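Good morning, and thank you for making time for this item. I would ask you to keep the display in view while I speak.

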Amino acid sequence: MIWLIAKKDFILNLTSSRFVIGFLLCLVIIPFTMVVSVDGYKNQMRVYEVDRAEALKKWQEVKVYSAVRPEIVKEPEALGIFTRGIEGNMGNSLTIRLGEYPLLLTGHAGTRDNPLLNAFFSIDFTTVIAILMSLLALVFSFDLFTREREEGTMKLVFTNGVSRSAFLMAKFLGVFITLVPILFFSFMLSTLIVVLNPAIAFSSAEWLGIILLFGAAILYLMVFILLGMVISAWSKKSSTAIVVSLLAWVWLLFLVPDIAYYSSQSVSKVAPYDNVLYSLDELDRVFREKTDEKWGEIQKQMGLDGIGHWNWSGGYDGYDELYGCTWETNEFHRRLNAWREPARLDNADKKWTFQKEWLDGLQRQERTRQVMSWLSPSEIFQQIASSLCRTSPESYLNYMQRIREYRATLIAYFHGKKLFESFSYFTQQDPKTFLTIAKTQQMEEEGFFDSKNFKVPPYWEGSYYLPLNLDDVPKFTFQKQNAAGSLKASLGLVVGLLSLGIALFLVVIGVFQKYDVR
Amino acid sequence: MLQAIELSKRYEDGHLALDSLNLEIKPGEIFFLLGANGAGKTTTINLFLNFIDPTSGMLTINGIDVVKQPLLTKKYVSFVSENVMLYGNFSARQNLDFFANLGGKTNLTRKDYYNVMRSVGLQEDAFEKKLKTFSKGMRQKVGLAIAILKDADNVILDEPTSGLDPKSASELMQILANLRNKGKSILMCTHDIFRAKTVADRVGIMKEGRLVMLRNREEFLQDDLEKIYLHYMQEAIMFDDANLKS
Ligand SMILES: Nc1ncnc2c1ncn2[C@@H]1O[C@H](COP(=O)(O)OP(=O)(O)OP(=O)(O)O)[C@@H](O)[C@H]1O
Ligand SMILES: [Mg+2]
């Protein structure tokens, strides 16, 4: 009996103009969005390849350990094609330094080559699904009861021994089997567009992610059908029901997320990063002053008037590379680095407390926004989707956490190899070939440095040396979350959406028991 | 068999639409319920179909309590409403098919549907036409066809002749007579005194929620039914006049 009524509704729906319009909308909007997204992803991928090649090149040119600055380039998320999440807001790369904790990615942000070109249409597949499916669900369900009542068919149905709950189930099923094919078609169409692109290949975990996304979309669809049914069961007239449905739709899809976005900023305030920068600059200034002090101190210890260099490059960030310098100069640098680099790490720790506080603030703010927007099923769905597609703020922060852990591993490696207190930290020149000041003075007296016959030894030049073999140095590896992991991450939200559906179901049962069929 | 015992219905707004109504329609009987607009005829039907709950009293269909076992009683009753509305995007045959299946008749063929549509006088070329193109009378006939297909023991009709042309109306009377001969109980609410005289076995007149007159065929054929009816209505007018004066 349930199936009979559902089938009847299904057939009537198929021939209705709303079905045709809904289907056509999907047919037009989805390919369009997907083409834009795929194009964006391919752009990101190109940028990624270039940046990664550059990073590799830099890595292969390192000649001293003080120049080791691993550059992390984040691979774009293939599933970002479906759910962009915060992928477009973030940079794609970051250079690991001793003096700084990795905070946020910098480098190329977004996907467009031309920042002046303002996209007039830049929503992703999930957003399209969230908007279209909720609209279709309401459009098909707002008059489920009111129409049968207005057309007088409800009376006839109920004179045939149909119970109210059976009728309700049938009505739900009728809309459900009408819309699931549209949803399925949308997913098929979008994956087809992706699959037809030879540049894009999904891993099995990503395929599973897409399937789970489809599951979440079905759940989302059900919630909106039930919402439409509640509205229909509450209204006596279709005209009231459609107005209420549209208001609810605008409220849930657009106003709630917007309100959540703005009020999270006032509820959970975050000071501008400039304030943090001010404290960081202050700490860096103190560190530099101490370094200058230490410089003088070591110089005094070694009884030197000044430090002469033959060939020296360096920077405030700890990079230090010298060749052809005296034994004293080399020893001075060794002692300075042995103090300065651990001190730099300490300074980074101090700076991190400020940065972490700021980052926690950002996270809290985002969390507040998320929780507030749970009032909207579409936001819950979007959050599940970005979690499944690994483009959620949480995935991003997790990635940053891995990078920070990697930095710690790298530092441990430096400590383990005692690199900070070794000559190889700043030179490849064999310490046996370091000349003492006394020796150089003697050689000068002997006329060794006379321009006529002096030839600079090749090992006094950086170009003499090959880059370091860094095979031993730990590399950053990132184990992408598998589908089970992303499912776990979004399980709470899935359960939330499910409970919302169940709650609406109970409400519609309750309301419809008293529905006046006349 | 349809039965109403001491049946009262007070609507939410306080209006007493039915006041201790007693009614019994036996198998093989056509009962015509007459009464002015607002007398309570449709209310009675809605109570039998459990669309609304009685305030007090009891209803049974084939001896089964309507309020206690609404789903079971629906098996034994078919209904033709005042203004039959069906699924506009379905053809007449599809509507018949849907409701026949819903009523548990799953083994009917296209031929059966055509036969029953012929029997209610629907023109052949309309069988496969979408219902939204039908006139009121044509819809009424399809509604009747659905009721006949269900083949329930009791048939309830609410002003079924409204919208029917005279020929169709008299055909309807013939169909009702046939159903009676098969042993069905038929409750028909109407304003059509003329038709009552042709087939009704018993006639009741309702006024303000009460059954004010009950006559069987011999009785109302002896007297002039029209006169009786107007007599009872007259009283109402006089009563109202008296009210106005005081
Ligand atoms: N839902 C309702 N709420 C309040 N009063 C109602 C409701 N439905 C009907 N009534 C009242 O109950 C009385 C009986 O109405 P009912 O529809 O049963 O009349 P009827 O005999 O079928 O009239 P008609 O010949 O016009 O069809 C009327 O006075 C009507 O106003
Ligand atoms: Mg009526």
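I shall go through the two sheets of chain B, the helices that pack on them, and then the surroundings of the ligand. Please bear in mind throughout that this is a predicted model.

Let me begin with the four-stranded sheet. It is open, its strands follow the order E2-E1-E4-E5 in chain B, and the pairing is antiparallel. Strand E2, residues 16-25, and strand E5, residues 64-65, of chain B each have a single partner strand, so one side of each is left without a neighbour in the sheet. Between strand E1 of chain B, residues 2-10, and E2(B) there are six bridges, and these two strands run antiparallel. As an example from this pair, B:Gln3 has B:Glu24 in E2(B) as its bridge partner.

The second sheet is also in chain B. Here six strands are arranged as E6-E7-E8-E3-E9-E10, again in an open sheet, with mixed pairing. Its edges are formed by strand E6, residues 77-80, and strand E10, residues 210-216, each of which pairs on one side only. On average, and ignoring direction, neighbouring strands in this sheet are turned by 15° against each other. E6(B) and strand E7, residues 154-158 of chain B, run parallel and are joined by four bridges; within this pair, B:Val77 stands opposite B:Asn154.

Which strands of this sheet does H1(B) touch? The contacts are with E3, E6, E7, E8 and E9 of chain B, and the helix direction makes about 145° with that of E7(B). Helix H1 of chain B, residues 41-48, also lies across E1, E2 and E4 of chain B, at about 115° to E1(B). A further helix, H5 of chain B, residues 136-150, lies across E6 and E7 of chain B and runs at about 175° to E6(B).

I turn now to the ligand. Ligand 1 lies between chains A and B. It is surrounded by 16 residues, the closest being B:Gly38, B:Gly40, B:Lys41, B:Thr42 and B:Thr43. By class, this shell comprises four nonpolar, seven polar and five charged residues. H1(B) supplies the largest share of the shell, with three residues.

Oxygen atoms of the ligand take part in several short polar distances. One is 2.9 Å from a polar backbone atom of B:Gly40. Another distance, 3.1 Å, leads from a ligand oxygen to an N or O atom in the side chain of B:His15, and a polar side-chain atom of B:Glu159 lies 3.3 Å from an oxygen of ligand 1. Of the 630 Å² of accessible area that ligand 1 has on its own, the protein covers 70%.

Methods. Residues numbered from 1 in each chain as written. Chains lettered and ligands numbered in written order. Predicted model: local features only at pLDDT ≥ 70, side-chain atom pairs only at ≥ 80, totals over all residues. Heavy atoms only, no water. Pairing = 2+ DSSP bridges. Contact = heavy atoms within 4.5 Å. Axes fitted to C-alpha atoms, helices over the stretch in contact; angles between N-to-C directions. Near = heavy atom within 4 Å. Polar contact = N/O pair within 3.5 Å; in protein donor to acceptor, adjacent residues only side chain to side chain. Areas by Shrake-Rupley, 256 points an atom, 1.4 Å probe, with all protein chains shown as cover. Nonpolar A, V, L, I, M, F, W, Y, C, P; charged D, E, K, R; others polar.
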